[in-house]
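The following exercises concern a single protein chain and are to be worked with the structure at hand. Each task is followed by a solution in steps.

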Amino acid sequence: MNDDRNEPVRGFSTRAIRAASRTPRVDQRPTSVPIYQTATFASHDAQELGDVAGEPRSGYAYSRISNPTTNALGDAYAELAGGERGLALASGMGAIHAALASQLRAGDRVLAPLAIYGSTRAQLLHTFAGFGVEVAFVDATDPAAVTEALAAHPTRVLYAETIANPTTFVSDHARLATLAHEHGATYIVDNTFASPYVCRPLDLGADLVVESATKFLGGHSDVIAGVVAGREELIAKVERVQIDTGATVGPFDAFLVLRGILTLAIRMERHAATALALATWLEGHAGVQRVLYPGLASHPQRAVAMRQFRSGVAGGMLAIDVAGGREAGRAVIDSLRVTELTASLGSVHTIVVHPPSTSQRQLSESELYEAGITPGLLRISVGLEDFEDLQADLEFGLTESSRLASAALGV
Ligand SMILES: Cc1ncc(COP(=O)(O)O)c(C=O)c1O
């Protein structure tokens with residue numbers, strides 16, 4: 001707003017609106033990114049207003065289109081992910097939608113993994129298929145199956161998750177990117193379970209990387225946001241979708257994610273150290289049939305994980321198959337006291353979920369089986385609590401579930 005203190009303003013309301021809208025002049029650079037909590041930015045004249053709203057934009061006009069705090073998050077993510085440019089969006093699903101919609105048109109085909117986050121599967125089958133996109137699924141951990149699926153029909157997008165939700169299957173990005181490019185497809189990766197501290201898919205050949213910033217990037221279960229990074233020309237198309245669909249993140253939410261990123265490395269180190277200790281202990285536990293953690297020698301894609309991940313940091317996500325199936329899995333969750341009974345991941349809080357009855361509940365028994373999700377599968381997002389407390393809580397949950405199973409059998 002122009003400095004109009006000398007203008008003859010008489011009415012109280014006019015004076016209040018002007019007085020409370022004057023932005024302070026600051027000559028010293030703030031050391032945190034300021035929260036530009038404004039929907040609009042005023043220009044000096046009509047020419048400037050036209051320029052800032054035009055293409056390419058030379059400044060700020062309206063926060064659905066562009067905002068300094070939101071841009072700071074996009075820039076920070078691009079740097080950490082190794083992309084030329086990054087964008088911050090309203091949520092992980094908003095980021096996934098914008099990335100896919102920037103590439104797909106009616107009649108195109110997208111090939112996605114059988115083991116995939118339930119809401120992404122739903123978005124592909126409801127939104128994209130509804131607009132005439134052909135959606136096919138494949139075992140993304142089997143390069144021969146991916147090659148066959150790509151060779152069978154022209155494919156516009158090959159999509160994968162670095163560490164699959166919820167099974168922790170690991171995608172071989174270098175291999176999948178090469179296959180995608182040989183078949184003329186764009187390779188898009190959801191890196192949410194890993195975070196850029198653990199894995200950088202763009203370095204391994206991916207064209208676009210997306211993440212739910214709600215998870216490890218934000219890290220504290222207090223914000224919903226998403227990010228995308230990649231080459232400038234691809235991000236310009238993602239931005240077009242973002243602006244047209246309004247999948248914009250608010251400046252305060254962008255600030256919270258920036259704040260989370262300040263401690264991402266130290267949090268990921270601790271998540272991973274505790275996850276490895278828990279996975280190692282659980283692997284020897286009688287109440288657990290299988291432990292899936294990319295840091296364990298027994299993980300089916302251990303070698304791929306070791307090639308692609310930061311040395312010694314296999315992430316904070318693990319999955320266990322509880323002896324006794326669906327009822328036993330639910331019983332463990334109901335007995336836990338230290339962990340949070342909620343649906344997210346990548347937080348300071350440890351979060352244990354039973355995917356067959358939560359995030360993957362849309363799937364039929366045969367679809368669950370195809371995706372590698374056994375009835376007793378529990379997904380554990382290891383938080384920052386003390387290892388001993390988590391161990392004791394899980395021990396109690398597993399004991400309780402086997403006690404209930406014995407009681408049900410009358411033994
Ligand atoms: C792997 C993965 N991708 C994307 C999302 C969606 O993120 P958001 O809830 O921020 O939209 C989630 C949410 O759980 C997820 O687990």
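**Exercise 1. A helix pair**

The crossing of α3 and α9 is left-handed. For this predicted model, determine which residues make the contact of α3 with α9, and classify them as nonpolar, polar or charged.

*Solution.*
1. Helix α3 spans residues 68-81 and helix α9 spans residues 251-261; their axes come within 8 Å and cross at roughly 35°.
2. On the α3 side, the contact is made by T69, T70, A72, L73 and A76. On the α9 side, the participants are P251, A254, F255, V257, L258 and I261.
3. Sorted by class, this contact has nine nonpolar residues, two polar residues and no charged ones.

**Exercise 2. Strand order in the sheet**

State the order of the seven strands in the open sheet, and identify its edge strands.

*Solution.*
1. Reading across the open sheet gives β1-β7-β6-β5-β4-β2-β3, and the pairing is mixed.
2. The edge strands are β1 (85-89) and β3 (134-138), each of which pairs on one side only.
3. From one strand to the next, the twist averages 20°.
4. For one of the pairings, take β4 (residues 157-161) and β5 (residues 186-190): they run in the parallel sense and are joined over five bridges. Within this pairing, E161 stands opposite D190 in β5.

**Exercise 3. Helices on the sheet**

Establish which strands are touched by helix α4 and which strands helix α6 lies across.

*Solution.*
1. Helix α4 (residues 92-101) packs on the sheet and touches β1, β2 (109-113), β4, β5, β6 (208-212) and β7 (226-230).
2. The direction of α4 makes about 35° with that of β7.
3. Helix α6 (residues 143-152) lies across β2, β3 and β4. Relative to β3, helix α6 runs at about 160°.

**Exercise 4. The chain as a whole**

Assess whether the radius of gyration of the protein chain agrees with that of a compact globule, and describe the extent, burial and contacts of the chain.

*Solution.*
1. For 411 residues, a compact globule would have a radius of gyration near 22 Å; the protein chain has 24 Å, and therefore agrees with that expectation.
2. Along the principal axes, the C-alpha atoms fill a box of roughly 90 × 50 × 40 Å.
3. The protein chain contains 14 helices and eleven strands.
4. Buried residues account for 48% of the 411 residues.
5. Of the contacts between residues at least 6 apart in sequence, 73% join residues at least 24 apart.

Notes: Residues numbered from 1 in each chain as written. Predicted model: local features only at pLDDT ≥ 70, side-chain atom pairs only at ≥ 80, totals over all residues. Axes fitted to C-alpha atoms, helices over the stretch in contact; angles between N-to-C directions. Helix = DSSP H or I, 4+ residues; strand = E, 2+ residues; numbered from the N terminus. Left-handed = near helix turned anticlockwise from the far one by under 90°. Contact = placed C-beta atoms within 7 Å. Nonpolar A, V, L, I, M, F, W, Y, C, P; charged D, E, K, R; others polar. Pairing = 2+ DSSP bridges. Rg over C-alpha atoms; globule rule 2.2 N^0.38 Å. Buried ≥ 20, exposed ≤ 12 C-beta atoms within 10 Å, placed from the backbone.
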